[in-house]
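Student: I have a structure to study, and I want to know how its labels are earned. Can we go through them together?
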Amino acid sequence: MSDTTVKVLGICGSLRDKSFNKATLQAAIELAPSDIRIETATIGDIPLYNADIQAKGFPASVEALGAKVQAADALLLVTPEYNYSVPGVLKNAIDWVSRLPSQPFAGKGVAIMGASPSMLGTARAQYHLRQICVFLDMHPLNRPEVMIAHATTKFDEAGKLRDATARELIGKLLVDLGAWSRLLQTRTRGA
Ligand SMILES: Cc1cc2nc3c(=O)[nH]c(=O)nc-3n(C[C@H](O)[C@H](O)[C@H](O)COP(=O)(O)O)c2cc1C
């Protein structure tokens, strides 16, 4: 990995094995340009947020996720849509990490994607997630918007994303995320 490689942490908001969103994150890993490296983090082992637990010390799973977020240059959040919003497991993980004193999300660039069997491709959840990113002082990329609708027709039996338009959009999103992240880092350094 060269010094100019952008380290991206991919987090998927679905825990199920055959998740369309996990498959979308996998497609991003395959489509990433050579100057972007995507690592993933799991969120299934994070307990439900409880301030009483926090008062006794952050769970190891939260500390581990926070460290991964901290070490990343940018994030790639891949969200399903549940009841027009972000699934509880993803919101719960974000809520926990947002309580870490080091504020690992702050100042990072973030790209958002999602896949759904319905016709809006997680649009409503993605706009809720953008709002959450504002409070976290993250910097979401505006476009391209990767909203994979009718997901049952876009992945093959093995879970590979076959839709050419979606693959092209993901590739563009990653190129733009790399440039966005570098721009934000330049700004942070005051250069
Ligand atoms: C509790 C629940 C609520 C859902 N609400 C929505 C919704 O508001 N909009 C939507 O497009 N799909 C909705 N769905 C369907 C999901 O998009 C679908 O289950 C999808 O496959 C979940 O993502 P995954 O494949 O990555 O697990 C919902 C599913 C569940 C379980």
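Student: What makes H150 count as partly exposed?
Tutor: First, keep in mind that this is a predicted model. H150 has a relative accessibility of 40%. Buried means under 20% and exposed means over 50%. The value for H150 falls in between, so H150 counts as partly exposed.

Student: Where is H150, and what is its phi?
Tutor: H150 sits in the loop between β6 and α6. Its phi is positive, about 50°, although H150 is not a glycine. Most residues other than glycine have a negative phi.

Student: Which label does T122 get, buried or exposed?
Tutor: The relative accessible area of T122 is 0%. The cut-off for buried is under 20%, so T122 is buried. T122 also has a positive phi, about 75°, and is not a glycine. T122 lies in the loop between β4 (109-115) and α5 (123-135).

Student: What about the peptide bond from R143 to P144?
Tutor: That bond is cis, with omega near 5°. Most peptide bonds are trans. P144 belongs to the loop between β5 (139-140) and β6 (146-148).

Student: Why is the pair R37 and E39 called a salt bridge?
Tutor: Look at the closest N and O atoms of R37 and E39: they are 3.0 Å apart. The limit is within 4 Å, so the pair qualifies. R37 is partly exposed at 33% relative accessibility. E39 is partly exposed too, at 37%.

Student: How do you know that K91 and D95 form a salt bridge?
Tutor: Apply the test again. The N to O distance between K91 and D95 is 3.1 Å. That is within 4 Å, so this is a salt bridge. Both residues lie in helix α4 (residues 88-98), four residues apart, so about one helical turn separates them. K91 has a relative accessible area of 31%, and D95 has 25%. Neither value is under 20% or over 50%, so K91 and D95 are partly exposed.

Student: What separates D176 and K172 along their helix?
Tutor: About one helical turn, because they are four residues apart in helix α6 (residues 164-189). Their closest N and O atoms are 2.9 Å apart, and they form a salt bridge. K172 is partly exposed, at 45%.

Student: How many salt bridges does the structure hold?
Tutor: Seven. Side chains of opposite charge can pair when their charged atoms come close. The protein has 21 positive and 18 negative side chains. The centres of the two sets lie 2 Å apart.

Student: How many helices and strands does the protein have?
Tutor: Six helices and six strands. Along the sequence the pattern is β-α-β-α-α-β-α-β-α-β-β-α.

Student: What makes the protein as compact as a globular protein of its length?
Tutor: Compare two values. The radius of gyration is 16 Å, and the globule rule gives 16 Å for 191 residues. The two are close, so the protein is as compact as a globular protein of that length. Its C-alpha atoms fill a box of roughly 45 × 40 × 25 Å along the principal axes.

Student: What share of the residues is buried?
Tutor: Buried residues make up 48% of the 191. The protein exposes about 9,800 Å², and carbon and sulfur atoms supply 54% of that area.

Note on methods:
Residues are numbered from 1 along each chain as its sequence is written. This is a predicted model: local features need pLDDT of at least 70, side-chain atom pairs count only at pLDDT 80 or more; totals for chains, interfaces and linings use all residues. Side-chain values use heavy atoms; hydrogens and water are left out. A salt bridge is a side-chain nitrogen of Lys or Arg within 4 Å of a carboxyl oxygen of Asp or Glu. Buried means under 20% relative accessible area, exposed over 50%, partly exposed in between (1.4 Å probe, protein chains only). Helices (H or I, at least four residues) and strands (E, at least two) are DSSP runs, numbered from the N terminus. The radius of gyration is taken over C-alpha atoms; the globule rule is 2.2 Å times the number of residues to the power 0.38. Accessible areas come from the Shrake-Rupley method with a 1.4 Å probe; for residues, only the protein chains shown count as cover. Lys and Arg count as positive and Asp and Glu as negative; His and the chain ends are not counted. The place of a charge is taken as NZ of Lys, CZ of Arg, CG of Asp or CD of Glu.
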